[in-house]
Amino acid sequence: MALSKRELDELKPWIEKTVKRVLGFSEPTVVTAALNCVGKGMDKKKAADHLKPFLDDSTLRFVDKLFEAVEEGRSSRHSKSSSDRSRKRELKEFQEALAPG
């Protein structure tokens, strides 16, 4: 499931916001690590192992949502029926699902 540079660029803002929400602060190292995971086509387990030192207890939820966002991005690009508004709403729901508490 390796991603193109364009796909990574589209996913980066979502990852930045989600990392900030999970950690409580912006952390470019985690964003880069997450982009590398999906960019290199790692599976969920490898990605979780790679990100665990940064995200601790939030790792599995974050990786699940990351892979859902990747799949959503791919399916919306392949399907003209998905609107930008729908995609933004779904990404916002992913972020809310990761919110602590």
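Let us start at Glu16, a residue that lies in helix α1. Keep in mind that the structure in front of you is a predicted model. Is Glu16 buried or exposed, or something in between? With a relative accessible area of 37%, Glu16 is partly exposed, because that value falls between the 20% under which a residue is buried and the 50% over which it is exposed. Glu16 also gives us a link to another part of the chain: Thr32 is 16 residues away in sequence, and the C-alpha atoms of the two are 9.3 Å apart in space.

Now step back and look at the helix around Glu16. Helix α1 runs over residues 5-23, and its 19 residues reach 25 Å from the first C-alpha to the last, close to the expected 27 Å. Follow α1 along and you will come to a bend of about 35° at Leu11, with a proline, Pro13, following within four residues. Which residues of α1 are buried? They are Glu7, Leu8, Leu11, Trp14, Ile15, Thr18, Val19 and Val22. A general point helps in reading such a list: an α-helix has 3.6 residues a turn, so residues three or four places apart point the same way. After α1 comes Gly24, with a positive phi near 90°.

It is a good moment to see the whole chain. The chain holds five helices and zero strands, giving the pattern α-α-α-α-α when read along the sequence. Of its 101 residues, 39% are buried. Among contacts with a separation of 6 or more, 61% are between residues 24 or more positions apart.

How far can you trust the picture? The mean pLDDT of the chain is 85, and 88% of the residues reach 70 or more. Confidence is highest in helix α3 (residues 44-55), at a mean of 95, and lowest in helix α5 (residues 84-98), at 75. As a general caution, where pLDDT is low, the predicted coordinates should not be read in detail.

Moving on along the chain, we meet helix α2, residues 28-39. Its 12 residues should span 16 Å at 1.5 Å a residue, and the end C-alpha atoms are indeed 16 Å apart. The buried residues in α2 include Val30, Val31, Leu35 and Val38, and Ala33, Ala34 and Cys37 are buried as well. Just after α2 there is a glycine, Gly41, with a positive phi of about 80°.

The loop between α3 and α4 holds Asp56. Asp56 is not a glycine, yet its phi is positive, at about 50°. Most residues other than glycine have a negative phi. Asp56 is partly exposed, with a relative accessible area of 48%.

Next comes helix α4, residues 59-78, where you will find Lys65. Lys65 counts as buried because its relative accessibility is 18%, under the 20% cut-off. What does Lys65 touch, leaving aside residues up to four places away in sequence? The answer is Trp14, Phe94, Ala97 and Leu98.

Trp14 brings us to our last stop, the largest pocket. Its volume is about 200 Å³, and 10 residues line it, with Trp14, Lys17, Arg87, Lys88 and Leu91 lying nearest its centre. The elements giving two or more residues to this lining are α1 and α5. Of the elements, α5 gives the most, with six residues. Remember here that α5 is also the helix where confidence is lowest.

Conventions:
Residues are numbered from 1 along each chain as its sequence is written. This is a predicted model: local features need pLDDT of at least 70, side-chain atom pairs count only at pLDDT 80 or more; totals for chains, interfaces and linings use all residues. Side-chain values use heavy atoms; hydrogens and water are left out. pLDDT is the predictor's confidence in each residue, from 0 to 100. The expected span of a helix is 1.5 Å times one less than its number of residues. The bend at a residue is the angle between axes fitted to the seven residues ending there and the seven starting there. Buried means under 20% relative accessible area, exposed over 50%, partly exposed in between (1.4 Å probe, protein chains only). Contact means heavy atoms within 4.5 Å. On a 1 Å grid over the protein atoms alone, a cavity is a set of points where a 1.4 Å probe fits but cannot get out, and a pocket is an open set with protein on both sides within 12 Å along at least five of seven lines; lining residues have an atom within 4 Å of a point. Grid points are joined across faces, edges and corners, and a volume is the space filled by probe spheres set on the points.
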